[in-house]
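Trainee: I should like to learn how to read the features of a structure, beginning with its helices. Please give the general idea before each case.

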Amino acid sequence: MYKRYILFAFGIGASVGAGLALLYAPQSGVATRKKIKRSAEDASDYLEDTAGYLKEQAERISKEAQKLAEKAQTSVNSAVDQASGIVSGAIKTAQKLV
C-alpha cells in the first residue's frame, strides 16, 4: 500500500513537472495547450485507476473483516454452548446431591 502512495506522488510530481516544462518550452501557445490538456487527461486517467484500485482493496478488506467477524461469532457460539452444557451438568449434579 505504501508503494502505491509513492507511485501516486511520483505521478503527480511528474505531471506537474511536465506541465511547467511545457509552459516554459519554446513552442506555440496552441501546441503547449494541447500538451497540457493531454497531460491533464493522463493525470485524470491515472487518478481514476488509483481510485478503482483503492475501491477494490477496500471491498476486499471489508469482505475479510466480515469473514473474521463470522468466524469469531461461530467461536463465541460454540463456547457458549459448551459452557451451557457444563453448567447444566453442574446443576444436575448439584440437584442429585441435594
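Mentor: Helices (H or I, at least four residues) and strands (E, at least two) are DSSP runs, numbered from the N terminus. In this structure, Gly-85 lies in helix H2. The model is predicted, with local features needing pLDDT of at least 70 and side-chain atom pairs counting only at pLDDT 80 or more, whereas totals for chains, interfaces and linings use all residues. Residues are numbered from 1 along each chain as its sequence is written, and side-chain values use heavy atoms, with hydrogens and water left out.

Trainee: What span should the 69 residues of H2 have at 1.5 Å a residue, and how far apart are its end C-alpha atoms?

Mentor: The expected span of a helix is 1.5 Å times one less than its number of residues. For H2 this gives 102 Å, and the end C-alpha atoms are 100 Å apart, which agrees. Two C-alpha separations may be read alongside: Gly-85 and Gln-95, ten residues apart in sequence, are 15 Å apart in space, and Leu-54 and Val-98, 44 residues apart along the chain, are separated by 65 Å.

Trainee: Which residues of H2 are buried?

Mentor: Buried means under 20% relative accessible area, exposed over 50%, and partly exposed in between (1.4 Å probe, protein chains only). The buried residues of H2 are Thr-32, Ala-43, Thr-50 and Gln-57. Thr-50 is classed as buried because its relative accessible area is 8%.

Trainee: Which residues does Thr-50 touch, leaving aside those up to four places away in sequence?

Mentor: Contact means heavy atoms within 4.5 Å. With that sequence exclusion, Thr-50 touches Arg-4 and Phe-8.

Trainee: Are Leu-47, Leu-54 and Gly-85 to be read as buried or exposed?

Mentor: Each falls in between: Leu-47 is partly exposed at 38% relative accessible area, Leu-54 is partly exposed at 34%, and Gly-85 is partly exposed at 43%. Both Leu-47 and Leu-54 are found in helix H2.

Trainee: Which residues make the nonpolar surface patch?

Mentor: Patches are made of residues with over 30% relative accessible area and no salt bridge; like charges are joined within 9 Å, nonpolar side chains (Val, Leu, Ile, Met, Phe, Trp, Tyr) within 5 Å. A salt bridge is a side-chain nitrogen of Lys or Arg within 4 Å of a carboxyl oxygen of Asp or Glu. Areas come from the Shrake-Rupley method with a 1.4 Å probe. Here Ile-12, Val-16, Leu-20, Leu-23, Tyr-24, Ile-36 and Leu-47 make a nonpolar patch of about 680 Å². Helix H1 (2–24) and helix H2 (29–97) are the elements giving two or more residues to this patch, and H1 supplies the largest share, five residues.
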